[in-house]
Amino acid sequence: MRKIMNVTFFHLLSLFILLYMFDYAVSHKAPTSDELKAQKFPPCAACKVLINSFKKGIERTSREKFDGGDSAWEEDKLGSYSKSETRLIEIQEHLCKEVERGETQCHSLAEELESKIEDWWFNHQKTHPDIYEYICIEQTEHCCPKDHFGPKCTPCPGFPDNICNGNGKCKGAGTRKGNGGCHCDKGYEGDTCSTCASGFYESYKDEKKLLCSSCHAACDGPCKGPGPKSCEKCKEGWQMLSDQGCLDIDECVNSDEHCPGNQFCINKEGGHVCLSCDKACDGCTGDGPDMCLKCAKGFHKRDNLCINSDILGRKQQENITRYATYFGLCIATCIIFQKNIYVASVIGLLVGVYISVSEYMIAHSNVQDTMANVDFLGAS
């Protein structure tokens, strides 16, 4: 009955894992090409996508000219290719095709703004050389100028040269959205990012610039400057001393309290780690069989090193097994020899090579193990 229950539990667990993996794969699958094309952006971002595609078209056609044989005559009669209708058509034919995300929205917006783009192309290139500013900011009012935000394109705090005191970003900058509040960089806070956050201190300040640096790792919260002496409060794992500030507590002084069982303690700043002793040890002060307080069962101490008491017996068993294998191969070769001398000769040669290589590898391995033990004992 218990066996049936265990099998049923195993099947249910396997089914649960498979369902979880399937659900994870579905929820984290990469979007398809059609999904990427159908993705929609806010008005300002969509306008940027369209205009960036148009600018790439300008770059792509920058070295082209009329297709006829006499380009000088054509330019004289038809005008410059750089501002021609022919070039505009070539740009518009490839518009949005290289867009990976939001291609459908890009094509739709291109049709909507076709007349405005043509008006800029033929009439406003000289007076408004930046097509983004002309189309997205002035004509459609989808975007705001740099460092402006909201429906009325209000200047961001600190405009023009000290936005959020240089320590943050204006929310909604460049768009018709956002509230213009400052999103402060790490280490800064306040409406205009003008003060240091908890865990940071003023390392430099003048009329226009504030620099905040991290407090020492020992500090829990605010500090007055660099180093552990400047902490107002110490983190766990540190203790406050009047003349030294926050000093690391060495938990490994009482290692038995912090690392129970067959482990040893290593102190680090603000804490400690417990590592397992070598399998040869029953209690230890560090890593390796030479750091044992006592040897574990099945091991004994020799030259201050805990070694496997049964290593000689296991070596004898290995030797007996190995030689029995060789003997069996030789007998099999002799039996085959009575039936087919040629096959037996080939097999005998292979057996000889196998035995030679095996013994060489074993001998070489033993030499390396011996040298490693000598080096280890010498270092200890």
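1. Is the crossing of H5 and H7 right-handed or left-handed? In this predicted model, the crossing of these two helices is right-handed. Two packed helices are described by the angle between their axes and the distance between those axes. For helix H5, residues 85-93, and helix H7, residues 114-124, the axes come within 11 Å and cross at roughly 140°.

2. The contact between the two helices can be listed by residue. H5 contributes Glu 85, Arg 87, Leu 88, Ile 91 and Gln 92. On the H7 side, the residues met are Glu 114, Glu 118, Trp 121 and Phe 122. By class, the residues of this contact divide into four nonpolar, one polar and four charged.

3. The second largest pocket holds about 170 Å³ of space. Its lining is made up of Ser 255, Asp 256, Cys 259, Gly 261, Gln 263, Phe 264, Cys 265, Gly 283, Cys 284, Thr 285 and Leu 293. Two elements give two or more residues to that lining, namely helix H9 (255-258) and strand S11 (263-268). S11 supplies the largest share, three residues. Sorted by class, the lining of the second largest pocket has five nonpolar, five polar and one charged residues.

4. A UniProt annotation, from an unreviewed entry, assigns "domain: EGF-like" to residues 160-194. In the model, this span is 0% helix and 23% strand. The C-alpha atoms at the ends of residues 160-194 lie 16 Å apart.

5. The annotated span starts at residue 160, and the peptide bond that leads into Pro 160 from Phe 159 is cis. Omega for this bond is near 10°. Pro 160 sits in the loop that runs between strand S2 (154-155) and strand S3 (168-170).

6. One further backbone point concerns Asp 303. Phi of Asp 303 is near 55°, which is a positive value in a residue other than glycine. Asp 303 belongs to the loop between strand S13 (299-302) and strand S14 (305-308).

Technical notes: Residues are numbered from 1 along each chain as its sequence is written. This is a predicted model: local features need pLDDT of at least 70, side-chain atom pairs count only at pLDDT 80 or more; totals for chains, interfaces and linings use all residues. Side-chain values use heavy atoms; hydrogens and water are left out. Axes are lines fitted to C-alpha atoms, for helices over the stretch in contact, and angles run from 0 to 180 degrees between N-to-C directions. Helices (H or I, at least four residues) and strands (E, at least two) are DSSP runs, numbered from the N terminus. A crossing is left-handed if the near helix is turned anticlockwise from the far one by less than a right angle, and right-handed if clockwise. Contact means heavy atoms within 4.5 Å. Ala, Val, Leu, Ile, Met, Phe, Trp, Tyr, Cys and Pro count as nonpolar, Asp, Glu, Lys and Arg as charged, and the others, Gly among them, as polar. On a 1 Å grid over the protein atoms alone, a cavity is a set of points where a 1.4 Å probe fits but cannot get out, and a pocket is an open set with protein on both sides within 12 Å along at least five of seven lines; lining residues have an atom within 4 Å of a point. Grid points are joined across faces, edges and corners, and a volume is the space filled by probe spheres set on the points. UniProt positions are given in the numbering used here, feature names are shortened, and annotations may be inferred rather than shown by experiment.
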